[in-house]
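Hi everyone, thanks for coming. Let me walk you through a structure that is new to most of you, so please take a look at it with me.

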Amino acid sequence: ERERRQNSLDTIFKAVVVDGKKILNTDRCTLYVVDDARNVAWSEQRRGKMPSARELLELFDLYDEDGDGHVTIEEIGLALYRSGRSMGKRRLEQIVSEADDDDSGTIERGEFVALMRRLLREKKCYFPLDNSLIGDVVRSGEHVYVEDAHSESLLTVLDRYTGYDTHNLLMVPVKNSSGKVIAVIEMVNKRNKEGELVKFVDRDLFLLDMLCGHCAVFIGQVLHQATVVNN
(Lines give C-alpha, C1' and ligand atoms only; values in the text may rest on other atoms or scores of the structure.)
Protein backbone atom coordinates (compact mmCIF):
# COMPACT_ATOMS: atom_id res chain seq x y z
CA GLU A 1 0.00 0.00 0.00
CA ARG A 2 2.83 2.41 0.88
CA GLU A 3 4.55 1.65 -2.43
CA ARG A 4 1.31 2.28 -4.31
CA ARG A 5 0.85 5.67 -2.59
CA GLN A 6 4.44 6.59 -3.37
CA ASN A 7 3.93 5.68 -7.02
CA SER A 8 0.82 7.87 -7.08
CA LEU A 9 2.77 10.80 -5.62
CA ASP A 10 5.60 10.22 -8.11
CA THR A 11 3.06 10.49 -10.94
CA ILE A 12 1.68 13.73 -9.48
CA PHE A 13 5.18 15.20 -9.13
CA LYS A 14 6.05 14.43 -12.73
CA ALA A 15 2.75 15.76 -14.07
CA VAL A 16 3.02 19.03 -12.14
CA VAL A 17 6.61 19.62 -13.21
CA VAL A 18 5.92 18.93 -16.89
CA ASP A 19 2.59 20.77 -17.07
CA GLY A 20 3.76 23.68 -14.95
CA LYS A 21 6.88 24.39 -16.96
CA LYS A 22 4.96 24.05 -20.22
CA ILE A 23 2.02 26.26 -19.21
CA LEU A 24 4.05 29.11 -17.72
CA ASN A 25 7.30 28.63 -19.67
CA THR A 26 9.68 28.61 -16.72
CA ASP A 27 13.07 27.04 -16.08
CA ARG A 28 11.86 25.05 -13.11
CA CYS A 29 8.67 23.87 -11.48
CA THR A 30 8.71 22.16 -8.08
CA LEU A 31 5.95 20.62 -5.97
CA TYR A 32 6.42 20.62 -2.19
CA VAL A 33 4.15 18.45 -0.03
CA VAL A 34 3.56 19.73 3.50
CA ASP A 35 4.35 17.44 6.46
CA ASP A 36 2.82 19.19 9.49
CA ALA A 37 4.04 16.59 11.95
CA ARG A 38 7.69 17.29 11.09
CA ASN A 39 7.19 20.99 10.30
CA VAL A 40 8.74 20.54 6.87
CA ALA A 41 7.77 20.37 3.22
CA TRP A 42 9.32 17.66 1.09
CA SER A 43 9.90 17.29 -2.61
CA GLU A 44 11.48 14.91 -5.03
CA GLN A 45 15.20 15.54 -5.26
CA ARG A 46 16.27 17.40 -8.37
CA ARG A 47 18.62 15.18 -10.30
CA GLY A 48 21.55 16.87 -11.97
CA LYS A 49 25.23 16.35 -12.67
CA MET A 50 27.08 15.09 -9.63
CA PRO A 51 29.66 17.69 -8.48
CA SER A 52 33.30 16.74 -8.81
CA ALA A 53 35.45 15.98 -5.77
CA ARG A 54 37.13 19.39 -6.17
CA GLU A 55 33.77 21.16 -6.18
CA LEU A 56 32.66 19.26 -3.10
CA LEU A 57 35.86 20.17 -1.29
CA GLU A 58 35.14 23.82 -2.08
CA LEU A 59 31.77 23.31 -0.42
CA PHE A 60 33.56 21.83 2.58
CA ASP A 61 35.51 25.05 3.00
CA LEU A 62 32.20 26.97 3.00
CA TYR A 63 30.67 24.59 5.54
CA ASP A 64 33.77 24.59 7.77
CA GLU A 65 32.84 27.99 9.19
CA ASP A 66 35.41 27.99 12.00
CA GLY A 67 38.21 26.77 9.69
CA ASP A 68 39.41 23.90 11.89
CA GLY A 69 39.57 21.36 9.04
CA HIS A 70 36.55 19.27 9.98
CA VAL A 71 32.81 19.72 10.37
CA THR A 72 30.65 18.63 13.27
CA ILE A 73 27.05 17.42 13.23
CA GLU A 74 25.97 20.93 14.19
CA GLU A 75 27.91 22.51 11.31
CA ILE A 76 26.50 19.99 8.82
CA GLY A 77 23.01 20.69 10.12
CA LEU A 78 23.58 24.44 9.77
CA ALA A 79 24.94 24.03 6.25
CA LEU A 80 21.97 21.90 5.22
CA TYR A 81 19.51 24.32 6.78
CA ARG A 82 21.10 27.28 5.01
CA SER A 83 20.82 25.32 1.79
CA GLY A 84 17.09 24.89 2.30
CA ARG A 85 17.35 21.33 3.62
CA SER A 86 16.07 19.92 6.89
CA MET A 87 17.24 16.76 8.61
CA GLY A 88 16.59 15.38 12.08
CA LYS A 89 19.40 14.97 14.59
CA ARG A 90 19.14 11.17 14.60
CA ARG A 91 19.41 11.08 10.81
CA LEU A 92 22.43 13.36 10.91
CA GLU A 93 24.07 11.23 13.59
CA GLN A 94 23.46 8.11 11.49
CA ILE A 95 24.97 9.69 8.37
CA VAL A 96 27.98 11.07 10.25
CA SER A 97 28.57 7.70 11.91
CA GLU A 98 28.50 5.85 8.59
CA ALA A 99 30.69 8.42 6.83
CA ASP A 100 33.13 8.87 9.74
CA ASP A 101 35.82 6.37 8.73
CA ASP A 102 38.19 7.20 11.60
CA ASP A 103 35.48 7.35 14.29
CA SER A 104 36.48 10.88 15.26
CA GLY A 105 32.88 12.03 15.66
CA THR A 106 33.36 14.67 12.96
CA ILE A 107 33.62 14.75 9.17
CA GLU A 108 36.98 15.61 7.62
CA ARG A 109 37.68 16.76 4.06
CA GLY A 110 38.04 13.32 2.46
CA GLU A 111 35.02 11.96 4.31
CA PHE A 112 32.93 14.98 3.33
CA VAL A 113 33.04 14.07 -0.36
CA ALA A 114 31.46 10.66 0.24
CA LEU A 115 28.91 12.19 2.61
CA MET A 116 27.74 14.83 0.15
CA ARG A 117 27.50 12.35 -2.71
CA ARG A 118 25.25 10.21 -0.56
CA LEU A 119 23.07 13.18 0.33
CA LEU A 120 22.77 14.21 -3.31
CA ARG A 121 21.64 10.71 -4.28
CA GLU A 122 18.74 10.71 -1.82
CA LYS A 123 15.38 10.74 -3.57
CA LYS A 124 13.61 13.14 -1.22
CA CYS A 125 14.76 16.47 0.12
CA TYR A 126 13.20 18.29 3.04
CA PHE A 127 12.73 22.02 3.55
CA PRO A 128 12.03 23.68 6.91
CA LEU A 129 8.81 25.65 7.25
CA ASP A 130 10.36 28.00 9.80
CA ASN A 131 12.02 31.11 8.37
CA SER A 132 11.43 30.08 4.75
CA LEU A 133 9.39 31.25 1.79
CA ILE A 134 7.62 27.90 1.64
CA GLY A 135 6.63 28.33 5.27
CA ASP A 136 5.34 31.84 4.53
CA VAL A 137 3.00 30.41 1.89
CA VAL A 138 1.83 27.58 4.16
CA ARG A 139 1.11 29.90 7.09
CA SER A 140 -0.54 32.71 5.13
CA GLY A 141 -2.36 30.62 2.53
CA GLU A 142 -1.38 33.29 0.00
CA HIS A 143 1.01 33.27 -2.94
CA VAL A 144 4.51 34.72 -2.66
CA TYR A 145 6.16 36.49 -5.58
CA VAL A 146 9.85 37.36 -5.49
CA GLU A 147 10.56 39.64 -8.43
CA ASP A 148 14.27 39.98 -7.67
CA ALA A 149 15.56 36.76 -6.10
CA HIS A 150 19.01 38.28 -5.68
CA SER A 151 17.55 40.37 -2.85
CA GLU A 152 16.72 37.21 -0.86
CA SER A 153 19.79 36.17 1.14
CA LEU A 154 18.73 32.52 1.55
CA LEU A 155 18.14 32.13 -2.19
CA THR A 156 21.53 33.72 -2.86
CA VAL A 157 23.21 31.22 -0.54
CA LEU A 158 21.37 28.30 -2.15
CA ASP A 159 22.35 29.43 -5.66
CA ARG A 160 25.92 29.76 -4.50
CA TYR A 161 25.95 26.09 -3.50
CA THR A 162 24.05 24.71 -6.50
CA GLY A 163 25.47 26.94 -9.23
CA TYR A 164 21.95 27.88 -10.34
CA ASP A 165 20.95 31.52 -10.89
CA THR A 166 17.46 32.27 -9.59
CA HIS A 167 16.11 35.54 -11.00
CA ASN A 168 12.45 35.43 -9.98
CA LEU A 169 10.01 32.95 -8.52
CA LEU A 170 6.33 32.49 -7.80
CA MET A 171 5.00 30.22 -5.06
CA VAL A 172 1.31 29.31 -4.81
CA PRO A 173 -0.47 27.24 -2.13
CA VAL A 174 -2.29 24.02 -2.94
CA LYS A 175 -5.36 23.82 -0.68
CA ASN A 176 -7.72 20.98 0.12
CA SER A 177 -11.49 21.32 0.25
CA SER A 178 -11.26 22.70 3.80
CA GLY A 179 -8.87 25.46 2.76
CA LYS A 180 -5.85 23.86 4.44
CA VAL A 181 -2.54 24.22 2.60
CA ILE A 182 -1.34 20.70 1.79
CA ALA A 183 1.33 21.58 -0.77
CA VAL A 184 3.09 24.45 -2.52
CA ILE A 185 3.96 24.82 -6.20
CA GLU A 186 7.03 26.90 -7.04
CA MET A 187 7.83 28.33 -10.47
CA VAL A 188 11.32 29.70 -11.10
CA ASN A 189 12.62 32.01 -13.83
CA LYS A 190 9.76 33.04 -16.13
CA ARG A 191 10.71 33.38 -19.83
CA ASN A 192 9.05 34.71 -22.98
CA LYS A 193 8.86 32.94 -26.34
CA GLU A 194 12.33 34.18 -27.22
CA GLY A 195 13.76 32.63 -24.07
CA GLU A 196 14.39 35.96 -22.36
CA LEU A 197 13.79 36.35 -18.64
CA VAL A 198 10.60 38.31 -17.92
CA LYS A 199 8.37 39.09 -14.94
CA PHE A 200 5.45 36.92 -13.84
CA VAL A 201 2.09 38.54 -14.62
CA ASP A 202 -1.47 38.15 -13.30
CA ARG A 203 -2.33 35.59 -15.99
CA ASP A 204 0.51 33.37 -14.73
CA LEU A 205 -1.00 33.43 -11.26
CA PHE A 206 -4.42 32.57 -12.68
CA LEU A 207 -3.06 29.60 -14.63
CA LEU A 208 -1.04 28.39 -11.67
CA ASP A 209 -4.11 28.60 -9.43
CA MET A 210 -5.91 26.30 -11.89
CA LEU A 211 -3.01 23.85 -11.79
CA CYS A 212 -3.10 23.95 -7.98
CA GLY A 213 -6.81 23.10 -8.05
CA HIS A 214 -6.22 19.96 -10.09
CA CYS A 215 -3.19 19.04 -8.00
CA ALA A 216 -5.15 19.44 -4.74
CA VAL A 217 -7.69 16.82 -5.81
CA PHE A 218 -5.08 14.15 -6.51
CA ILE A 219 -2.85 14.88 -3.51
CA GLY A 220 -5.91 15.01 -1.26
CA GLN A 221 -6.99 11.58 -2.44
CA VAL A 222 -3.55 10.08 -1.78
CA LEU A 223 -3.26 11.68 1.68
CA HIS A 224 -6.81 10.59 2.56
CA GLN A 225 -6.04 7.01 1.57
CA ALA A 226 -2.92 7.12 3.77
CA THR A 227 -4.97 8.39 6.73
CA VAL A 228 -7.58 5.65 6.29
CA VAL A 229 -4.90 2.95 6.17
CA ASN A 230 -3.08 4.33 9.25
CA ASN A 231 -6.31 4.47 11.22
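Which residue in β7 does V144 stand opposite? The partner of V144 is M171.

Before we go further, a word on the ground rules: this is a predicted model, where local features need pLDDT of at least 70, side-chain atom pairs count only at pLDDT 80 or more, and totals for chains, interfaces and linings use all residues. Residues are numbered from 1 along each chain as its sequence is written, and side-chain values use heavy atoms, with hydrogens and water left out.

Strands here are DSSP runs (E, at least two residues), and helices are too (H or I, at least four), numbered from the N terminus. Strands pair if DSSP finds at least two bridges between them. On one side, β6 (residues 144–146) meets β7 in the antiparallel sense over 3 bridges. Strand β8 (residues 181–190) also runs antiparallel to β7, joined by 7 bridges, and there L170 stands opposite M187.

Because 6 of the 7 residues of β7 (residues 169–175) are buried, the strand is largely enclosed by the rest of the structure. Buried means under 20% relative accessible area, exposed over 50%, and partly exposed in between, with a 1.4 Å probe and protein chains only.

Now, I185: leaving aside neighbours within four places in sequence, its contacts (heavy atoms within 4.5 Å) include V16, L31, V174 and L208.

Finally, helix α6 (residues 133–140) has L133, I134, G135, V137 and V138 buried. After α6 comes G141, with a positive phi near 75°. Thanks for listening!
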